[in-house]
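The exercises below ask you to work from a sequence and its coordinates towards a few local geometric descriptions. Each task is followed by a solution that goes step by step.

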Amino acid sequence: MITVIAGGVGAARMLRALLQVIDSSEVTAIVNVGDDLELHGLRISPDLDTVTYTLADAINPETGWGLVNESWQARSMLEQYGGVSWFGLGDRDLGTHLYRTHRISEGADLTTVTAEIVSAWGLGLNVLPATCDRLRTMVTLASDDPSNDHFKSLTAGSEISFQEYFVQRHHSVPVSAVRFDGAESCQPGPGVIDAINDADLIVIAPSNPIVSIAPVLAVPGIRDALINRRNVVTAVSPIIAGAALKGPADRMMSELGHDASVLGVAALYKDFVSTLIIDSKDSRQKKAIQDLGLRCVVTETVMSKPGVSESLALTVLAGANL
Ligand code: GDP
Ligand code: CA
């Protein structure tokens, strides 16, 4: 069995690659829920949905989030009323959030509802939220955020939710801290610790280390469980030649005092990861990573390039001794 610690887009691509070479019944994803939000009374889990929609071949290929063949009638109505419309929810996507919200109001937990949604898309892998409890990634602004027509201005030191940072401000403001609200009191979701303890191989997907992987690790028990399995944990670096392929991972790492490089990723992960897979562009860093006590594998890791997904998946599996 293979267990993947997952955020959104980078993780979804890694999972899709693995499913090209291994049966889905062998794969469990433990997915970040720090990005989740409640909006319009609805329970929205962006990383869970990105993973599901991508693996179902239903993701919008242009945005990397949301559904393909989407329409936006509900958002037009919200705009007409002057309602909250900065977080884009397409009409088809709304169906997912209505279903999730309703099932939770009936007493189902997020793990059960996620399994129902994943199965309704015909997928055979096991997708587990890191926790069913409330966990929210909060971001502190490093500088004043000048007034803007669309949202209220804030001063340095103000704390905002992850989606107010990522979507509403297009992650264009510097941050001075990240906090996982609820982390002290939340419990790992059903099956999460077993999926770590029982795995033949654990993969840390190429996801944002600060706001996709760290919130999963912040759930009490998960980081320690990974440390115990360190010898079978392999990470794929989301940073290539000092930059993220997309999104703020590189900037966030520098702003929070880490090196925005494969070495910075290695330093953040070395307690619970024994093998780091880095891109060919970073081959010169291999020795420095080994000096930190990690095995280091150099290969092509940009999965949008033809043929790379499958070969990367095989490289990941090679460490597994399955
Ligand atoms: P989000 O939750 O949707 O923001 O996505 P993730 O946190 O899962 O992934 C974002 C990170 O994935 C970024 O840092 C990207 O650099 C990285 N990423 C996306 N696609 C790839 C890929 O094909 N290869 C590698 N190595 N990293 C990727
Ligand atoms: Ca995310």
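**Exercise 1.** Locate histidine 40 relative to the strands, and describe its backbone and its exposure.

*Solution.* Histidine 40 is found in the loop between β3 and β4 (42-44), where strands (E, at least two residues) and helices (H or I, at least four) are DSSP runs numbered from the N terminus. Its phi is positive, about 55 degrees, although the residue is not a glycine. With a relative accessibility of 39%, histidine 40 counts as partly exposed, since buried means under 20% relative accessible area, exposed means over 50%, and partly exposed is in between (1.4 Å probe, protein chains only).

Before going on, note that this is a predicted model, in which local features need pLDDT of at least 70 and side-chain atom pairs count only at pLDDT 80 or more, while totals for chains, interfaces and linings use all residues. Residues are numbered from 1 along each chain as its sequence is written, chains are lettered from A and ligands numbered from 1 in the order in which they are written, and side-chain values use heavy atoms, with hydrogens and water left out.

**Exercise 2.** Identify the protein donors of the calcium ion (ligand 2) and place them in the chain.

*Solution.* Donors are N, O and S atoms within 2.8 Å of the metal (3.2 Å for Na, K and Ca), and because water is not among the atoms, sites may look incomplete. The protein donors are Asp35 (OD), Asp47 (OD) and Asp47 (OD), lying 2.0 to 2.7 Å from the ion. Aspartate 35 sits in the loop between β2 (27-31) and β3 (37-39) and aspartate 47 in helix α2, 12 residues apart, so that the pair links distant parts of the chain. Both aspartate 35 and aspartate 47 are buried.

**Exercise 3.** Characterise the packing of helix α1 (residues 9-21) against helix α2 (residues 46-55).

*Solution.* The axes, lines fitted to C-alpha atoms over the stretch in contact, with angles from 0 to 180 degrees between N-to-C directions, come within 9 Å and cross at roughly 35 degrees. The contact (heavy atoms within 4.5 Å) is made by Val9, Ala12, Leu15, Arg16 and Leu19 of α1 and by Thr50, Val51, Thr54 and Leu55 of α2. These residues divide into six nonpolar, two polar and one charged, where Ala, Val, Leu, Ile, Met, Phe, Trp, Tyr, Cys and Pro count as nonpolar, Asp, Glu, Lys and Arg as charged, and the others, Gly among them, as polar.
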